[in-house]
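Hi everyone, thanks for coming. I'd like to walk you through one structure today, so have a look at it first and then we'll go through it piece by piece.

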Amino acid sequence: MRIIAGERRGLPLKSLKGENTRPTSDKVKESMFNIIGPFFDGGVVVELFGGSGALSLEALSRGADEAFIFEKNRAACEIIRSNSEKCQYEQKVHIQKTDARNAFKLLSKQNKKIDFLFIDPPYAQEKFYDLAQEAVDLDLLSAQALIICEHDKAVKLSACYGEFQLKKTNTYGNIALTIYGK
């Protein structure tokens, strides 16, 4: 696993060993960023199930301003911290060791608007995709925000979350990416 493009292109990243996390493959990550935009002009990234932090770090490498990564596993938080330091993004990455269900309460207090919301829970946990609706209900998404969900291709997600409509779903083997926007 590595940073695919941008200022930290080619930098290898660590991931947690075992079955606790499932890193997004480089192929899927590259496709994801080709769809949502190869490079960014700033923006706030939120990654609800951090794992290695690879999605946030990729977004930062491509021009996002800052990333908030939520991960409840202590060992995974250390991997995210290590990867952030390796990329020299310690000042741009905010790691929260907490369950994804607490993310929006914390972000509401900071008065942040999310530009890129990555939702990539363990595949068997379909209930977590409804967190997108919570972000909409709390008015945490910017007008140009994108909601990016990675899931098992058999899982059918909602057609919309508030004003955010399903824009595209692509499949890669058993993995699907579903993207929402206005």
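In α2, the buried residues are A54, L55, S56, L57, E58, A59, L60 and S61. Please keep in mind that this is a predicted model. That list is eight of the eight residues of the helix, which runs over residues 54-61, so α2 is largely enclosed by the rest of the structure. What does the covering? Among the elements over the buried residues of α2 are α1 (26-36), β1, β2, α3 (74-86), β3 and β4. After the helix comes G63, with a positive phi near 120°.

Now, the cores. The largest nonpolar core has 30 residues, and F33, I36, L57, F116, F118 and I148 are the ones that touch the most other members. At least two residues of this core come from each of α1, α2, β2, α3, β3, β4, β5 (141-152) and β8 (175-181). Which element gives the most? That is α2, with five residues. If you'd like one residue to click on, try F118: leaving aside neighbours within four places in sequence, its contacts are M32, F33, I36, V45, V46, E47, L48, L55 and I148. There is also a second, separate core of 28 residues, and V44, F104, A135 and Y161 are included in it.

F104 takes us over to α4. Here A103, F104 and L107 are the buried residues. They span an arc of only 80° around the axis, and therefore sit on the same side of the helix. Their packing partners are β1 (44-47), β2 (66-70), β4 (114-119) and α5 (131-137). And what is on the face turned away from that buried side? There you find the exposed residues K105 and K109. Just after α4, N111 has a positive phi of about 55°.

Let's step back to the loop between β3 (93-96) and α4 (103-110), where T98 is found. Is T98 buried or exposed? Its relative accessibility is 15%, so it counts as buried. The T98 side chain makes a polar contact of 2.7 Å with the side chain of N102. Beyond its neighbours within four places in sequence, T98 is in contact with F70, E71, K72 and L106.

K72 brings me to the charges. Side chains of opposite charge can pair when their charged atoms come close. How many salt bridges does the structure hold? The count is 11. In one of them, the side chains of K72 and D99 meet at 3.9 Å, N to O. This pair links distant parts of the chain, with K72 in the loop between β2 and α3, D99 in the loop between β3 and α4, and the two positions 27 residues apart. K72 is exposed because its relative accessible area is 54%, whereas D99, at 16%, is buried. D99 also meets the side chain of R101 in a salt bridge of 2.8 Å, N to O. R101 has a relative accessible area of 41%, so it is partly exposed.

Another salt bridge joins the side chains of E66 and K112 at 2.7 Å, N to O. Again distant parts of the chain are linked: E66 is in strand β2 and K112 in the loop between α4 and β4, 46 residues apart. E66 counts as buried at 17% relative accessibility, while K112 counts as partly exposed at 24%.

How values were computed
Residues numbered from 1 in each chain as written. Predicted model: local features only at pLDDT ≥ 70, side-chain atom pairs only at ≥ 80, totals over all residues. Heavy atoms only, no water. Helix = DSSP H or I, 4+ residues; strand = E, 2+ residues; numbered from the N terminus. Buried < 20%, exposed > 50% of the residue type's maximum accessible area, 1.4 Å probe, protein only. Polar contact = N/O pair within 3.5 Å; in protein donor to acceptor, adjacent residues only side chain to side chain. Contact = heavy atoms within 4.5 Å. Arc of directions from axis to C-beta. Core = buried A, V, L, I, M, F, W, Y, C linked by side-chain atoms within 4.5 Å. Salt bridge = Lys/Arg side-chain N within 4 Å of Asp/Glu carboxyl O.
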